[in-house]
Every structure is written in C-alpha cells, then in structure tokens.
Amino acid sequence: YLQLPADLTKMQLADNPHPQVTHVPSSQSGCSIASDSGSSSLSDIYQATESEMGDVDLTGLPEAPVDSEDEEEEEDEDIDRTSDPLLGRDVVRECLEKEPADKTDDDIEQLLEFMHQLPAFANMTMSVRRELCSVMIFEVVEQAGAIILEDGQELDSWYVILNGTVEISYPDGKSESLCMGNSFGITPSLDKQYMNGVVRTKVDDCQFVCIAQQDYWRILNHVEKNTHKVEEEGEIVMVKEHRELDRSGTRKGHIVIKATPERLIMHLIEEHSIVDPTYIEDFLLTYRTFLTSPLEVGNKLLEWFTVDSLRDKVTRVVLLWVNNHFNDFEGDPAMTRFLEEFEKHLEDTKMKGHLRLLNIACAAKAKWRQITLQKPSRDSPLFFSLLGGSDKGFGIFVETVEMGSKAAEAGLKRGDQV
C-alpha cells in the first residue's frame, strides 16, 4: 500500500507541501518565494478599489480584515494555545482519552493536526489519517522494562509511540530502539500475525495509540474508493482524493494530492472543489519545488489568455500571484517582461477594471530602492527616458530603459516612479 506505483514517480506530492516535523518560525525562514508583506486574497484588492474615490492612494493594500477586540482576544488565546507545546499535548491527550464513539469533529481535527507530524502517518492520505484518528485508542505503560509483546505472541493491533522509547529484542540477539512517531505491530492484513521478538519499554510513562487489526485493514484497504485517477495517453497524470470536511456531508469533494508538473499548471484554470478552494494560492507558494522557472507558468498563462472563456481565470491567477508574491516579478527581468506583456493584453482587451487592480497591486507591493548610476561625463547618454511631471498632472515615471545599458545593469526598470 505504501509503495507508489511506477507511473506515479514523476508526480509531485501536493497533500502536505509544508515540513511535517520541524516548524521554522517565519522570522528564520529563508524561503525566497515568501511574500514580504504576507499572503493576501483577491478580495483584498477588490476592497481596496471599491473604497477609493478620485485619486488612487498607493500607500498599500489591506492584508487582512480588521478584527474586533473580542476576536483579537480569541486569536491571542489560540496563539497561546498553539505556542505552548505542553498545553497542546494536554489538549491532544484529552481527545485521545475519549472513547472512539465519543470523539467529536473538533477532537478528530486536534488529533489529525498532531498525528500528521509523526513519521508513522507520513505516507498516508488525509482521509486515511482522519479515519485512523477516529478509531484509535490511547494506552499508557508507566514502568520502564515492562513487556508489551512477547516473542511469538499473536498480534491484534498496530501501535504508534507518542511518548517514550521501546526496545525490540529479536531472537538472533539483535535489538532495535523505537521512539516517538515510530510504529510496530500488525501489517494491514486479516491473516494471523505473530510477534517476532520481545517488545519492552525503556523509560517510564510510555504512551501509545493502538488501532485494532480489523479497523487498520479496513481503512487502508478501502482507500482506493476515495481516489480518482486521471489518465492521459495511458499514463496516470493526476490523483485526486475524495474528502469530507465534516460529518454532515455538506462539505465534500475531490482534492488534488499528486500530479505531474504540467497537470498541476493546467489545474490552475480548472474548476476547484469546495474542499480545495485555495489551490491557486498553494500552487503559487510551492511551484519552485517542482518547476525550474516561473516562466513555465507565465508562458502558459499568456497562451490561455487568448481564449475568451479562460481570460477571467488567467487574470485571477496573475492578480493573486502579483499580490501575494511580488518578489517573483520584481527580482526577475524575464518575469517583469511577462508582467508588461500581460498588462498590454489587458489594455488590448479593454479589461480596465482588472488593469486597475493590477496597477494598484504592483504599486502597493513594490519596494523603495536607491539606484546609483554613474556617467563618465555630463554629455554621456542616460539610456532611459522619463514620463510625467507637474505639467502632466502626475508623478515622474521611467518610461523606457535601454536593454543591456548601464541603467538596466544598475536596476532601473520601466514603470519605476522617481
């Protein structure tokens, strides 16, 4: 079950793009694609334009809606709860100590958030993890040296270590230590299975979750019914998983969990499920892990823009890209040219509203820069031209920059406002 079919080896895992074990604070992150000012939704841009009258204020876009004091207090409590690992573990333990039938949706979500960090659950889909969380039972062995399983004992459960360390002593004299996140016990089969070696605790207060053989087999072997494979020319290019976000069944649908890079790009302009509303944002955050250049996406978007039925979807993608990850354009001349070409397409198709949104997003996200351009003499050419001024009624902007010139090397770009 855990082995990927040969034809899926070219695909990218889209289920958990973020690191599962090590959480790096944002202040320490070195990710080059993270937006300096945080991620913004497209609604932020619309709110900015709707609230403006007359001249455009380009001082910045709102990054998030303003919360009330009560909501801020609740958020502070949430932050405190998540920032305290001991408190977090207490909440998880409360959920674990409940009988499976008594666990609520919130309890399962708490367990899911904790369990997905453990290596034992790393290769499982979200629906499998969710079902395992709903049936797992919590056990504690308080004394070190206690035997959990004897050699040759019939197995009836799958165990995952949540705290402490166990040692497996094999009949040939070898031994193995397992710690938090490791698993032992049965494999997903209904056949009778027996323990090879003796399992004993090495420290006090060892904690486990146990899943009965019948449940473990049922959940892992019925996962196929929750997946949908998309084939092209006899090869699987995308795998979707059916998910239900609540027990009422109102929020359910398919979410992409694996696909080839080409298929992931194409999915940007396809209809997205109710359970996968942030696919575009997730793609724009993670595409550098499986694409060599952002132009692979940019060129496709320009190609699709010529199709009337796709024009609005392409524009939405570009606006989100500019608003959330302006660094991708500002630091890359090729992507700056892509943005200029896209702007020209908006002008040619008279999409003035979207063009306004694009201009506001670019102006709000751009950084102040200081550029030094040295001339060998007063009469030497500048290699750039300006537009605007007080007589024109608007600011001074760089209209053109000669490619390959000293001005271009210094970092001067078309559209810069002096």
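**Salt bridges, enclosed elements and a surface patch**

Glu 97 is partly exposed, because its relative accessible area is 48%. Its salt-bridge partner is Arg 93, and the closest N and O atoms of the pair are 2.9 Å apart. Arg 93 is also in the intermediate class: its relative accessibility is 31%, so it counts as partly exposed. This is a predicted model, and the distances and areas given here are computed from it.

The wider frame comes next. The protein chain holds 14 helices and 14 strands. Of its 418 residues, 38% are buried. The chain exposes about 24,300 Å², and carbon and sulfur atoms supply 50% of that area. Take the contacts between residues at least 6 apart in sequence: 64% of them join residues at least 24 apart.

Back to the charged pairs. Side chains of opposite charge can pair when their charged atoms come close. The count here is 14 salt bridges. One of them joins Asp 308 and Arg 311, at 2.9 Å from N to O. How do the two partners sit, buried or exposed? Asp 308 is exposed, because its relative accessible area is 59% and the class begins over 50%. Arg 311 has 18% relative accessibility, so it counts as buried under the 20% limit. The bridge therefore links an exposed acid to a buried base.

Another bridge pairs Glu 343 with Arg 414, with the closest N and O atoms 3.9 Å apart. Glu 343 lies in helix α12 (residues 333-348), while Arg 414 lies in the segment after α14 (406-410). The pair therefore ties together parts that are 71 residues apart in sequence. Arg 414 is partly exposed, because its relative accessible area is 47%. Salt bridges can also share partners: in this way Glu 131, Asp 215 and Arg 218 are joined into one network.

Now turn to the enclosed elements. Why is helix α8 (residues 279-286) described as largely enclosed by the rest of the structure? Six of its eight residues are buried. They are Tyr 279, Ile 280, Glu 281, Phe 283, Leu 284 and Thr 286. The list includes a glutamate, Glu 281, beside residues such as Phe 283 and Leu 284. Cover for the buried residues of α8 includes α7 (261-266), α9 (295-305) and α10 (311-324). Arg 311, the buried partner of Asp 308, counts as buried at 18%, and α10 spans 311-324.

A strand shows a similar setting. In β4 (residues 157-163), six of the seven residues are buried, so this strand is largely enclosed by the rest of the structure. Which strands pair with β4? Strand β9 (residues 206-212) runs antiparallel to β4, and six bridges join the two. In that pairing, Asn 163 stands opposite Gln 207 of β9. Strand β7 (residues 183-185) also pairs with β4 in the antiparallel sense, over three bridges. There, Trp 158 has Gly 185 of β7 as its bridge partner.

The tour ends at the surface. Leu 386, Ile 396 and Val 418 make a nonpolar surface patch of about 290 Å². Ile 396 belongs to strand β14 (residues 394-401). Its relative accessibility is 36%, so Ile 396 counts as partly exposed. That value is over the 30% cut-off for patch residues, so Ile 396 can belong to the patch.

Conventions:
Residues are numbered from 1 along each chain as its sequence is written. This is a predicted model: local features need pLDDT of at least 70, side-chain atom pairs count only at pLDDT 80 or more; totals for chains, interfaces and linings use all residues. Side-chain values use heavy atoms; hydrogens and water are left out. Patches are made of residues with over 30% relative accessible area and no salt bridge: like charges are joined within 9 Å, nonpolar side chains (Val, Leu, Ile, Met, Phe, Trp, Tyr) within 5 Å. Accessible areas come from the Shrake-Rupley method with a 1.4 Å probe; for residues, only the protein chains shown count as cover. A salt bridge is a side-chain nitrogen of Lys or Arg within 4 Å of a carboxyl oxygen of Asp or Glu. Helices (H or I, at least four residues) and strands (E, at least two) are DSSP runs, numbered from the N terminus. Buried means under 20% relative accessible area, exposed over 50%, partly exposed in between (1.4 Å probe, protein chains only). Contact means heavy atoms within 4.5 Å. Two strands pair if DSSP finds at least two bridges between them.
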